[in-house]
Amino acid sequence: MSEKFKILVVDDEKSVLDLISSMLSEEPFSLEVASNAAQAFRILESQSLNMVITDLMIGKESGVDVLKKAKELQPNIVAILMTGQPSIENVVTVLKLGAFDYVVKPFTEEILKATIYSGLQKQKLFRENIHLKEQLSLYKISTAMGSTSDVSQILDMVLTTALREFEADTASILLLDEKSGKLILKASRGIPDYNITKSLWDLEDKLSTMVINEAQPKIFNQKNLKGPDKKINSFISHPLLAKGKVIGVLNLIRSEKLNPFSSGQMQTMGIIASKASTILENTKLYEELENTYLSVITTLANAIEARDFYTAGHTERVSRWAVTLAKKLNWPELKIKEVRMGSILHDIGKIGIPDHILNKPASLTKQEFEIMKTHPEIGVRILQGITFLTPALPYVLYHHERYDGKGYPKGLLGENVPLEGRLMSIVDTFDAITSDRPYRKNLGYDKAVQEIKDNTGKQFDAEMAKAFLEAWKAGEIEQSPSAFEKTQRIFAGMTESPIGSTSLK
Ligand SMILES: [Fe+2]
Ligand SMILES: [Fe+2]
């Protein structure tokens with residue numbers, strides 16, 4: 001465990017340099033000496049040091065300049081000043097500039113070593129503290145990421161936490177557009193007070209492009225930042241990699257703060273960047289998959305409507321209203337997705353119903369009706385092998401069940417009818433009444449609303465029926481223009497046709 005401490009000693013008197021060299025000749029110290037400021041600067045620029053011990057007056061030069069330069073180049077360096085006759089003003093000045101302590105010449109070996117060890121101890125604690133903070137920030141982000149699957153929420157957490165924990169002024173995620181090859185800003189937080197000028201974004205774009213081309217993270221500090229905006233003090237750009245390909249960058253900017261980012265922070269950023277990449281990639285894959293499935297099921301649903309031409313638009317209307325009603329009932333977002341899928345597919349089983357029954361321009365015979373009643377179960381048989389579509393099954397199977405137990409295929413009663421079926425039966429019936437059928441014309445919206453009212457707590461779940469009527473009253477159940485026009489044009493005020501048969505569709 002022989003940790004070495006690198007110390008630069010600056011003094012114009014050779015005797016002082018020799019004396020200190022002999023005092024600190026043993027392990028764990030490794031010494032560099034300089035007899036003027038220029039020499040000290042060169043060492044500070046070329047080597048990483050733990051400590052600088054400088055005379056306050058280096059000949060005609062000032063030790064304060066060495067102190068300033070040391071802090072500018074190596075912010076975590078411990079600085080100790082040596083002085084012959086300390087004045088209060090001098091001491092206050094150097095301490096304000098970040099010096100750790102001072103020793104008064106002549107000093108003993110004990111005093112010098114005690115001051116050095118106490119400075120190194122402070123530095124160690126400071127480093128440990130930074131390390132702990134980095135660990136903690138990582139832990140916080142990991143926990144937050146596990147608590148939600150919403151990508152914009154996750155990105156928000158990553159950026160907000162990064163801002164706070166890394167004491168950055170701006171945090172942003174830019175993604176590479178595959179077609180144009182350009183960086184697109186996906187999310188950003190903590191835009192600083194001063195005007196984010198175009199030059200800042202140009203700079204960010206330029207530096208990030210460099211990072212993307214090399215697929216390596218980079219820290220840009222004021223020293224190597226030759227950008228147009230002097231307000232950017234330090235900048236970390238970390239590539240986001242998915243399957244070895246760069247998909248974007250995670251950027252942190254410090255503007256007004258003095259300290260540049262450290263390479264340790266860049267490493268911590270690396271872990272966050274890799275988590276963010278995984279989430280972004282998974283989300284993209286999931287969205288692509290979901291879109292593919294949705295287009296497949298919509299195609300399937302359209303295939304039925306192509307045959308069942310009297311009910312064109314039925315699936316689209318029912319799906320829209322089912323989502324509205326589910327939202328009115330405060331169903332969670334994830335469940336709403338299932339409602340959308342389930343309602344699009346609810347009549348898929350009609351694929352198995354012969355044309356002459358599906359499009360019969362008169363009421364069905366008892367025997368034909370029995371065949372028609374098999375469509376929920378046919379639908380389940382079509383879909384049940386596809387894991388992704390499993391959540392749609394209750395909507396398909398139970399959409400003709402009734403709360404009063406008079407539905408089909410199972411004739412379930414009351415609460416035994418799954419919620420999905422209770423929801424569907426309201427919107428499905430509402431559309432059945434308001435659209436034309438092979439055996440009758442539509443009955444209009446007033447009749448449909450009355451039907452829901454009259455059957456609240458009977459055919460329909462009371463709470464759901466009330467929510468639907470409220471939504472209707474609030475204008476949230478959008479009427480289909482075509483159906484509405486038909487209502488106006490052809491059957492304004494007409495009656496007749498048994499309502500019971502509306503449960504056929
Ligand atoms: Fe149906
Ligand atoms: Fe239907």
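Which residues of helix 3 (residues 63-73) are buried? In this predicted model, the buried residues of that helix are Gly 63, Val 64, Val 66, Leu 67, Ala 70 and Leu 73. A general point helps in reading such a list: an α-helix has 3.6 residues a turn, so residues three or four places apart point the same way.

**The start of helix 3 and its surroundings**

The N-terminal end of helix 3 is capped by Ser 62, whose side chain places an oxygen 3.0 Å from the backbone nitrogen of Val 64. Val 64 is itself among the buried residues of the helix. Strand 5 covers residues 61-62, and Glu 61 has its place there. Glu 61 has a relative accessible area of 33%, and because partly exposed residues are those between 20% and 50%, Glu 61 belongs to that class. On the surface, Glu 61 gathers with Asp 12, Glu 13 and Asp 65 in a patch of negative charge.

**Unusual backbone geometry**

Most residues other than glycine have a negative phi, and most peptide bonds are trans. The table lists two cis peptide bonds, each with a proline as its second residue, together with the loop in which that proline is found.

| Cis peptide bond | Omega | Place of the proline |
|---|---|---|
| Lys 105 and Pro 106 | about -10° | loop between strand 7 (101-104) and helix 5 (109-146) |
| Tyr 408 and Pro 409 | about 10° | loop between helix 14 (393-398) and helix 15 (419-434) |

Positive phi values also occur in residues other than glycine. Ala 215 has a phi near 55°, and this residue is found in the loop that lies between helix 7 (198-214) and strand 10 (218-221). With a relative accessible area of 31%, Ala 215 is partly exposed. Lys 243, which is not a glycine either, has a positive phi of about 50°, and its place is the loop between strand 11 and strand 12 (245-254).

**The end of strand 11**

Is Lys 243 buried or exposed? Its relative accessibility is 70%, and because exposed means over 50%, Lys 243 counts as exposed. Ala 242, by contrast, lies in strand 11 (residues 234-242), and at 9% relative accessibility Ala 242 counts as buried, because the limit for that class is under 20%. How far apart are Ala 242 and Ile 279 in sequence and in space? They are separated by 37 residues in sequence, while the distance in space from C-alpha to C-alpha is 9.8 Å.

Technical notes: Residues are numbered from 1 along each chain as its sequence is written. Chains are lettered from A and ligands numbered from 1 in the order in which they are written. This is a predicted model: local features need pLDDT of at least 70, side-chain atom pairs count only at pLDDT 80 or more; totals for chains, interfaces and linings use all residues. Side-chain values use heavy atoms; hydrogens and water are left out. Patches are made of residues with over 30% relative accessible area and no salt bridge: like charges are joined within 9 Å, nonpolar side chains (Val, Leu, Ile, Met, Phe, Trp, Tyr) within 5 Å. Accessible areas come from the Shrake-Rupley method with a 1.4 Å probe; for residues, only the protein chains shown count as cover. A salt bridge is a side-chain nitrogen of Lys or Arg within 4 Å of a carboxyl oxygen of Asp or Glu. Lys and Arg count as positive and Asp and Glu as negative; His and the chain ends are not counted. The place of a charge is taken as NZ of Lys, CZ of Arg, CG of Asp or CD of Glu. Helices (H or I, at least four residues) and strands (E, at least two) are DSSP runs, numbered from the N terminus. Buried means under 20% relative accessible area, exposed over 50%, partly exposed in between (1.4 Å probe, protein chains only). A polar contact is a pair of N or O atoms within 3.5 Å; within protein, one must be able to donate a hydrogen and the other to accept it, and residues adjacent in sequence count only if both atoms are side-chain atoms.
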